[in-house]
Amino acid sequence: MPELLLRPMTIDDIPAVVEIEQASLNGNWPATAFERELDQNAMARYLVLELQSGERPQILGFAGLWLMVDEAHVVTVAVAPEHRRRGYGRLLVHALLGLATRNSMAVATLECRVSNLAARRLYRDYGFYEVGKRTRYYSDNGEDAVIMTTEALDSLPFQERLARLQELLPTVDLSVTKLLAGGGPPPP
C-alpha cells in the first residue's frame with residue numbers, strides 16, 4: 001500500500017520541486033533559488049511530501065517558510081496539479097504551522113495572489129485573516145497580493161483549531177506526527 005512521507009527538502013529534491021513550482025506557481029523560482037534557500041538561508045525551512053510506492057518515491061508537493069525573529073513567514077506551498085484536492089496542501093500548511101509553533105514563533109504571515117481563492121480559503125481555515133494588500137506584487141503578471149496573518153500561534157483558539165484540523169489530514173508516515181509534535185529534524 002502506498003505511504004505518504006513528509007520530510008525536510010534536500011538538494012536532490014530540487015528538480016522535482018522546480019517542476020511542481022513551474023506547473024503550480026508560474027515558474028518564478030529557478031533551481032538556484034531553492035539551492036540558496038537550502039544552503040545559505042538559515043531562516044528557511046522547506047518540506048516535501050513524498051509518495052512512497054513503487055521503485056522510486058514521487059514528490060507530490062512542497063512548502064517552505066522563514067523563521068524570522070518571532071514571525072513565521074510562509075514563503076511557498078504547492079502541490080502538483082494532478083495530485084490536488086486530496087488534502088495534501090492542507091497537510092503541508094499544517095506542517096508549516098507545526099514547525100512555526102515548535103520554533104516559538106508568535107504569528108505566521110504570508111502573501112497570496114488575489115485570484116487564488118482556493119489557497120485563501122485554505123489559509124482562512126487555518127486562522128489566517130487578511131490585513132492588507134501589496135499592489136502589483138507578482139512580477140510575472142503584476143497581480144496584487146493579499147497579506148494574511150494569524151492570531152498568536154500559542155493562543156488556545158489557534159491550538160484548538162490546529163487540533164481539529166489535524167483530524168482532516170491524510171494519513172502519513174509517523175515522522176510527520178513527530179514533526180508536528182516538536183520532534184523530527186532539528187533546525188539547520
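**Figure 1. W29 and F34, an aromatic pair in a predicted model.** Let's start with W29, which is partly exposed because its relative accessible area is 24%, between the 20% limit for buried and the 50% limit for exposed. Its partner F34 counts as buried, with a relative accessibility of 1%. Look at the two rings: their centres are 5.0 Å apart and the planes meet at 50°, a tilted arrangement. W29 and F34 also belong to one aromatic cluster, together with Y46 and F62.

**Figure 2. Y123 and F128, an edge-to-face pair.** How far apart are the ring centres of Y123 and F128? The distance is 5.6 Å. The planes lie at 65°, so this pair is called edge-to-face, a label used for angles over 60 degrees. Are these two residues buried or exposed? Y123 is buried, at 9% relative accessible area, and F128 is buried too, at 3%. A search of the whole structure turns up 5 aromatic pairs.

**Figure 3. The largest nonpolar core and its best-connected members.** This core holds 38 residues, and those touching the most other members are V77, L97, Y123, Y126 and F128. Helix α3 provides the largest share, 9 residues. Zoom in on V77 and look past its neighbours within four places in sequence: its contacts there are L25, F62, A63, G89, L92, V93, L96 and Y123. A second core of 13 residues is separate; among its members are M9, V17, Y46 and V48.

**Figure 4. Helix α3 along its length.** Helix α3 covers residues 88-102. Why should its 15 residues span 21 Å? Each residue adds 1.5 Å, and the count used is one less than the number of residues, so the expected span is 21 Å. The end C-alpha atoms of α3 are indeed 21 Å apart, in agreement. Most of the helix is covered, with 13 of the 15 residues buried. As background, an α-helix has 3.6 residues a turn, so residues three or four places apart point the same way. Just beyond α3 comes S104, with a positive phi of about 60°.

**Figure 5. G98, a residue inside helix α3.** G98 has a relative accessible area of 8%, under the 20% limit, so this glycine is buried. Now find Q159: in sequence G98 and Q159 are 61 residues apart, yet in space their C-alpha atoms are 9.9 Å from each other. The chain as a whole has many such meetings: of the contacts between residues at least 6 apart in sequence, 62% join residues at least 24 apart.

**Figure 6. The whole protein, and a stretch to read with care.** Stepping back, you can count 6 helices and 7 strands. Their order from the N terminus is β-α-α-β-β-β-α-β-α-β-β-α-α. The protein has 188 residues, and 48% of them count as buried. About 9800 Å² of the protein is exposed, 51% of it supplied by carbon and sulfur atoms. The average pLDDT is 87, and 89% of the residues score at least 70. Which residues stay under 50? They are residues 180-188, for which the model has 17 contacts beyond four places in sequence. Where pLDDT is low, the predicted coordinates should not be read in detail.

How values were computed
Residues are numbered from 1 along each chain as its sequence is written. This is a predicted model: local features need pLDDT of at least 70, side-chain atom pairs count only at pLDDT 80 or more; totals for chains, interfaces and linings use all residues. Side-chain values use heavy atoms; hydrogens and water are left out. Helices (H or I, at least four residues) and strands (E, at least two) are DSSP runs, numbered from the N terminus. Buried means under 20% relative accessible area, exposed over 50%, partly exposed in between (1.4 Å probe, protein chains only). Contact means heavy atoms within 4.5 Å. Accessible areas come from the Shrake-Rupley method with a 1.4 Å probe; for residues, only the protein chains shown count as cover. A nonpolar core is a set of buried Ala, Val, Leu, Ile, Met, Phe, Trp, Tyr and Cys residues joined through side-chain atoms within 4.5 Å. pLDDT is the predictor's confidence in each residue, from 0 to 100. Rings of Phe, Tyr and Trp (its six-membered ring) pair if their centres lie within 6.5 Å; planes under 30 degrees apart count as stacked, over 60 as edge-to-face and the rest as tilted.
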